[in-house]
Amino acid sequence: MSEQAQTARAHWSGRWAFFLVTVGSAVGLGNIWKFPYMTGSNGGSAFVLVYLCCILGIGVPLLMAESMLGRRGQGSPVGSMRVLADEAGATRLWQVIGYIGIVGAFLILSFYSVVAGWVLDYTWQAAEGFKALPKEAFAEAFGALLASPGRLIFWHTVFMAMSALVVLGGVTGGIERANKIMMPALFGILVFLVGYGAVAADLPAAWRFLFHFDPSAINRSVLFAAMGHAFFTLSLGMGAIITYGSYLERDVSIPRTGLAIAGADTLVALLAGLAIFSIVFAQGLEPAAGPGLILQTLPLAFSQMPGGHAVGLLFFVLVVFAAWTSAISLLEPGVSLLNERFDMGRKQAVVVLCSGVWLLGIAVALSFNDWSGFTLFGLGLFDFLDTLTTKIMMPLAGLLIALFAGWTMKRAHVFDEIRMGSRVFVLWYNVVRYLSPVAIVIIFLNVVGVIG
Ligand code: PHE
Ligand code: NA
């Protein structure tokens with residue numbers, strides 16, 4: 001990286017800032033849209049159990065490792081890996097971690113933005129108020145949205161424009177401020193919805209569905225889906241955490257913030273799950289409804305609850321916001337690479353990247369209707385991109401990060417960044433050296449059918 005870029009690299013103001021933006025990246029559609037529908041489609045508690053184990057054994061340790069790589073590398077995901085590989089006297093091929101991340105983030109954003117578009121469309125509907133209709137009408141309404149290329153592309157375009165605008169504003173200016181109000185508000189409304197579930201819907205059934213201990217329901221596809229989702233929800237392996245880590249002040253404790261971020265992310269997902277399944281079971285809806293689950297469930301509840309008009313609107317606005325801050329973190333790594341490597345100004349980098357994502361997103365939007373006949377490896381474009389990124393690219397990048405941090409970097413350098421009490425350091429270090437990589441490889445092999 002040039003010296004100029006080094007000195008120009010803005011740092012987050014204050015010790016809370018890294019926490020806030022990283023929570024902003026982590027908490028998003030993954031928690032509120034994806035976690036509930038994945039849980040519903042993968043047998044409930046079996047999925048939740050594996051997911052929680054993956055968060056603890058793979059997600060949290062790698063979140064710390066990635067923050068460390070960013071803070072020590074001080075560059076884009078690619079630039080940071082080059083600096084760190086040089087420092088460790090290792091091959092520069094390790095830069096591949098950065099490239100997988102940036103390509104992966106590009107692909108994720110193309111469908112993430114389309115789903116955020118669904119949420120924008122529902123925000124619009126929520127502003128008018130959801131009419132009290134029979135439950136089938138809500139499933140039909142979601143189907144009608146998917147069948148409309150115009151609506152999908154319009155809202156996808158709005159969302160990409162919103163994201164591009166913030167990233168144009170630069171790191172400290174655009175992203176930091178609003179998180180401080182929006183994240184606690186989102187948390188508050190989820191707690192309110194769980195309360196609604198307790199009073200007016202079936203919270204005990206939701207609790208049983210999520211937490212009933214039943215390891216016999218775990219199978220290959222549950223393992224694979226849960227591991228992928230642990231990466232997705234913590235924004236791992238896509239360069240986002242490396243990039244944000246590079247703006248992190250030296251005196252902030254990586255382990256403490258890492259734990260807090262993962263804790264907040266998990267809590268939001270579990271609250272969303274409890275709220276949604278309370279309604280699903282009370283209304284006799286289908287838990288395995290797929291990607292439309294929350295959009296067929298919550299509007300039904302909003303149409304019935306007292307004050308549902310205001311609550312519904314507030315809820316969707318906050319979800320849009322959560323998706324927005326995550327999308328920003330999917331753009332930032334690519335922008336910093338184009339900036340650092342290809343000498344593009346910020347404006348140019350944002351325009352190039354966002355136009356590419358926007359075009360691919362249009363194909364994703366069309367894959368739900370006009371182009372639905374088009375498949376890759378037997379999957380529609382949306383499922384294909386989701387599987388490729390979440391289940392393959394993210395765990396692969398995670399594996400490489402664990403190997404690099406655990407085996408290639410000098411232990412003294414790792415220790416210097418992580419600096420916890422020495423016992424805890426040894427525990428974390430061994431998890432990153434052995435447990436996380438072995439777990440990722442076992443789950444991979446399991447899926448390929450080599451073992452198990
Ligand atoms: N973690 C985000 C979510 O749960 C998605 C994301 C993935 C963001 C990867 C950045 C990088 O919605
Ligand atoms: Na998340």
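How accessible is arginine 92, and does that make arginine 92 buried, partly exposed or exposed? Arginine 92 has a relative accessible area of 44%, so it counts as partly exposed. The legends below describe close-up views of a predicted model.

**Figure 1. Arginine 92 pairs with aspartate 86 in a salt bridge.** The closest N and O atoms of the two residues are 2.8 Å apart. Arginine 92 is partly exposed, at 44% relative accessible area. Aspartate 86 is partly exposed as well, with a relative accessibility of 38%. Buried would mean under 20% and exposed over 50%, so both values fall in between. Side chains of opposite charge can pair when their charged atoms come close. The structure holds 10 salt bridges.

**Figure 2. Glutamate 417 meets arginine 71 in a salt bridge.** The N to O distance is 2.8 Å. The pair links distant parts of the chain. Glutamate 417 belongs to helix α18, residues 411-418. Arginine 71 belongs to helix α4, residues 45-73. In sequence they stand 346 residues apart. Glutamate 417 has a relative accessible area of 1% and is therefore buried. Arginine 71 has 2% and is therefore buried.

**Figure 3. Arginine 72 also forms a salt bridge with glutamate 417.** Here the N to O distance is 3.0 Å. This pair, too, joins helix α4 to helix α18. The two residues are 345 positions apart along the chain. Arginine 72 is buried, and glutamate 417 is buried. A network of salt bridges links Arg71, Arg72, Glu87, Arg250, Asp416 and Glu417.

**Figure 4. The sodium ion (ligand 2) has protein donors from Ala26, Asn31, Thr233 and Asp265.** Ala26 gives its O atom, and Asn31 gives OD1. Thr233 contributes both O and OG1. Asp265 donates through OD. These donors lie 2.1 to 2.5 Å from the ion. Along the chain, the donors follow the spacing A-x4-N-x201-T-x31-D. Asparagine 31 sits in helix α3, residues 29-41. Threonine 233 sits in helix α11, residues 220-233. The two are 202 residues apart and link distant parts of the chain. Both asparagine 31 and threonine 233 are buried.

**Figure 5. The geometry around the sodium ion (ligand 2) is octahedral.** Six donor atoms surround the ion. They subtend angles of 78 to 171°. The arrangement counts as octahedral because opposite donors are over 155 degrees apart and all others lie between 65 and 115.

**Figure 6. Ligand 1 has 15 residues around it.** Ala26, Gly30, Tyr112, Phe232 and Ser235 come nearest. A side-chain N or O atom of tyrosine 112 lies 2.5 Å from an oxygen atom of the ligand. A backbone N or O atom of leucine 29 is 3.1 Å from an oxygen atom of ligand 1. For serine 25, a backbone N or O atom lies 3.3 Å from a nitrogen atom of ligand 1. Taken alone, ligand 1 exposes 330 Å², and the protein buries 100% of that.

**Figure 7. Serine 235 and glutamine 74 each have a positive phi.** Most residues other than glycine have a negative phi. Phi of serine 235 is near 60°. Serine 235 lies in the loop between α11 and α12 (240-245). Its relative accessible area is 10%, so serine 235 is buried. Serine 235 is also among the residues that come nearest to ligand 1. Phi of glutamine 74 is near 55°. Glutamine 74 is placed in the loop between α4 and α5 (77-87). At 15% relative accessible area, glutamine 74 is therefore buried.

**Figure 8. Proline 333 is buried, whereas proline 134 is exposed.** Proline 333 is found in helix α15, residues 308-341. Its relative accessible area is 0%. Proline 333 and isoleucine 242 are 91 residues apart in sequence. In space, their C-alpha atoms are 8.2 Å apart. Proline 134 occupies the loop between α6 (96-128) and α7 (135-146). Its relative accessible area is 52%, so proline 134 counts as exposed. Leucine 300 is 166 residues away from proline 134 in sequence. The C-alpha to C-alpha distance between proline 134 and leucine 300 is 8.3 Å.

Terms used. Residues numbered from 1 in each chain as written. Chains lettered and ligands numbered in written order. Predicted model: local features only at pLDDT ≥ 70, side-chain atom pairs only at ≥ 80, totals over all residues. Heavy atoms only, no water. Donors = N, O, S within 2.8 Å, 3.2 Å for Na, K, Ca; no water. Tetrahedral: all angles 85-135°; square planar, octahedral: opposite > 155°, others 65-115°. Helix = DSSP H or I, 4+ residues; strand = E, 2+ residues; numbered from the N terminus. Buried < 20%, exposed > 50% of the residue type's maximum accessible area, 1.4 Å probe, protein only. Near = heavy atom within 4 Å. Polar contact = N/O pair within 3.5 Å; in protein donor to acceptor, adjacent residues only side chain to side chain. Areas by Shrake-Rupley, 256 points an atom, 1.4 Å probe, with all protein chains shown as cover. Salt bridge = Lys/Arg side-chain N within 4 Å of Asp/Glu carboxyl O.
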